[in-house]
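Dear colleague,

I am handing over a structure that you have not worked with before, and I would be glad if you kept it open while you read. My notes on what was found in it follow below.

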Amino acid sequence: MPQRSGANASSAWLQLGRAIEARLLQNKGQEQQALSLAQELLLDAETRDRPWPLQRLLCPLLLEQQRLELLQPVLEQALQHQPEQPDLYALKAECLLLQGQLRAGYEAFDQQRRLLEAQGQSLGHGCSLPRFEVGVSKGPLALIGTGTLGDTLLLSRYAPWLQEQLPIPVQLFVQPPLLALLQTALSSSIAVKSLAALAQQHCGEALPLASLPGLFGSCTEHPSLGTPNLTADPALIQQWQDRMHLSTDERLVGLNWHGSALQSLLERQSSNIPLETFQPVSELPGVRLLSLQKGIGQEQLETCSFRHRFVSIQGDVNRVQRLEHMAALMSLCHWVVTDDSGPAHLAGCLGIPGVVLLPQRINWRWGSPDADRHPWYPSLKLIRQQPQQAWSELVAEATAWLTGQLTKPQVTHEEPANGTSTDGGFLNHQS
């Protein structure tokens, strides 16, 4: 902080103390008081010479409340003072992505990654490869899954796409839980390996998957990237279908209602929905339910009033943890209805039709708050919670949407020899 004297220095420290107070109020859930104090501080900063940390302290508060109209100018001021601060670019990325600006948002994420690398932070997992530079590097190119499992699932579509665009070999390194699923879906075009194999990779260059939309463009610039790229193992699909014993006139709806324990701890506004709230879905004629829920929240099945509406092998499904099996089970669903959690991203990457129920303050991964579809996941309808709206109202809207789908005539497709249907799933999906 610049040296100040006398009353100016005291005033500067007082303002910083009040900014910290605003953050503490936010952490305690006293959001209106926190916002009022933040706005007061920012208004005062417009007319006086205030210390630069003030903007940086208040940016996370404004982002958390998704007050993007206030955040943008404050964030730009903070970046003018600290252009080498990686966390500010992460905030900028989230702000842009919440406005539906895909490429610009991921460009900010890439800038954050560049700054971290300049500060000596590697991609981890024993990776010693230099960064890939477009038009300069000669490859091979190692693409590295460094975010959440959902991020890797989503951005894995770039690997085969880049293999077509670049005259060099492309390899994909992913988290172990995703390995079998992505090898099945992508191995015909590229090599898919575990992150542990990065330590043995000594030639070529590397890029994190999160850098790719900023460097090469998103599905807005390249519509083919908006096409779901994953398919489940046909043998696993057949295995589960043989055990499911559904009648020919039954439609299968997959349900997920609770995020992971870690996600629940990090969320200030919970995206978890009590299972009992989905009772109207269970009453739809000709519908059978399949729980996709894993871990915390699964215990709600024991006391659920419509437990009898779930498939007869639900107990066996509950014990399955591997993602390649979850993809196979999801591929048997005509539709899914899910909260904002991993199964929503898996369904979107598989092209399974369905509904995602989102809280009022959405995760940046779902884009602009006023859109009912996301370009990455065109098969999923997004229903967003409005102020003071109960989850039961969103479930009622989802149920009405499902009712409309049930009234549509089924379209019959011939199935190719590998057992997957011509419309991208094992069963005939409708959206």
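Which residues in α4 meet which residues in α5? Before the answer, please bear in mind throughout that this is a predicted model. On the α4 side the residues are L68, L71, Q72, L75, E76, A78 and L79, and they meet L88, Y89, L91, K92, C95 and L98 in α5. The residues of this contact divide into ten nonpolar, one polar and two charged.

**The helices around α5**

Two packed helices are described by the angle between their axes and the distance between the axes. For helix α4, which covers residues 68–81, and helix α5, which covers residues 86–98, the angle is about 150° and the axes lie 10 Å apart. Because angles over 145 degrees count as roughly antiparallel, α4 is described as roughly antiparallel to α5. The crossing of these two helices, α4 and α5, is left-handed.

Helix α5 also packs with helix α3 (residues 53–64), here at an angle of about 30° and with the axes 11 Å apart. Since the cut-off for roughly parallel is an angle under 35 degrees, α3 and α5 are therefore taken as roughly parallel to each other. The crossing of α3 and α5 is left-handed. From α3 the residues R56, C59, P60 and L63 take part, and they meet D87, L88, L91, E94, C95 and L98 in α5. Sorted by kind, the residues of the contact of α3 with α5 are seven nonpolar, no polar and three charged.

In the loop between α3 and α4 you will find Q66, a residue that is not a glycine and yet has a positive phi of about 55°.

**The sheet of four strands**

Further along the chain, four strands form an open sheet with parallel pairing, and their order is β3-β2-β1-β4. Its edge strands are β3 (191–194) and β4 (205–208), each of which pairs on one side only. From one strand to the next, the twist averages 25°.

Strand β1, made of residues 141–144, runs parallel to β4 and is joined to β4 by four bridges; within this pairing, A142 stands opposite A206 in β4. Helix α8 (residues 158–165) packs on the sheet, where α8 touches β1 and β2 (170–174), and the direction of α8 makes about 165° with that of β2. Helix α9 (residues 179–186) packs on the sheet as well, touching β2 and β3, and the direction of α9 makes about 175° with that of β3.

**The sheet of five strands**

A further open sheet is formed by five strands in the order β6-β5-β7-β8-β9, and the pairing in this sheet is parallel. Here the edge strands, each pairing on one side only, are β6 (287–291) and β9 (380–384). If direction is ignored, neighbouring strands of this sheet are turned by 20° against each other on average.

Strand β7 is worth following in detail. With strand β5 (residues 251–256), β7 pairs in the parallel sense over four bridges, and the bridge partner of N256 in β7 is T338. With strand β8 (residues 354–358), strand β7 (residues 335–338) pairs in the parallel sense over three bridges. In that pairing, V355 in β8 is the bridge partner of V337, while T338 stands opposite V356 in β8. T338 therefore appears in both pairings, facing N256 as well as V356.

Which way do the residues of β7 point, and are they buried or exposed? In a regular strand the side chains alternate between the two faces of the sheet. In β7, W335 and V337 point one way and V336 and T338 the other way, and all of these are buried.

**A residue after β9**

Lastly, please look at Q388, which is found in the loop between β9 and α17 (391–406). Phi of Q388 is near 65°, a positive value in a residue other than glycine. Its relative accessibility is 81%, and because the limit for exposed is over 50%, Q388 counts as exposed.

With best regards

How values were computed
Residues numbered from 1 in each chain as written. Predicted model: local features only at pLDDT ≥ 70, side-chain atom pairs only at ≥ 80, totals over all residues. Heavy atoms only, no water. Axes fitted to C-alpha atoms, helices over the stretch in contact; angles between N-to-C directions. Parallel < 35°, antiparallel > 145°, perpendicular 65-115°, else oblique. Left-handed = near helix turned anticlockwise from the far one by under 90°. Contact = heavy atoms within 4.5 Å. Nonpolar A, V, L, I, M, F, W, Y, C, P; charged D, E, K, R; others polar. Pairing = 2+ DSSP bridges. Buried < 20%, exposed > 50% of the residue type's maximum accessible area, 1.4 Å probe, protein only.
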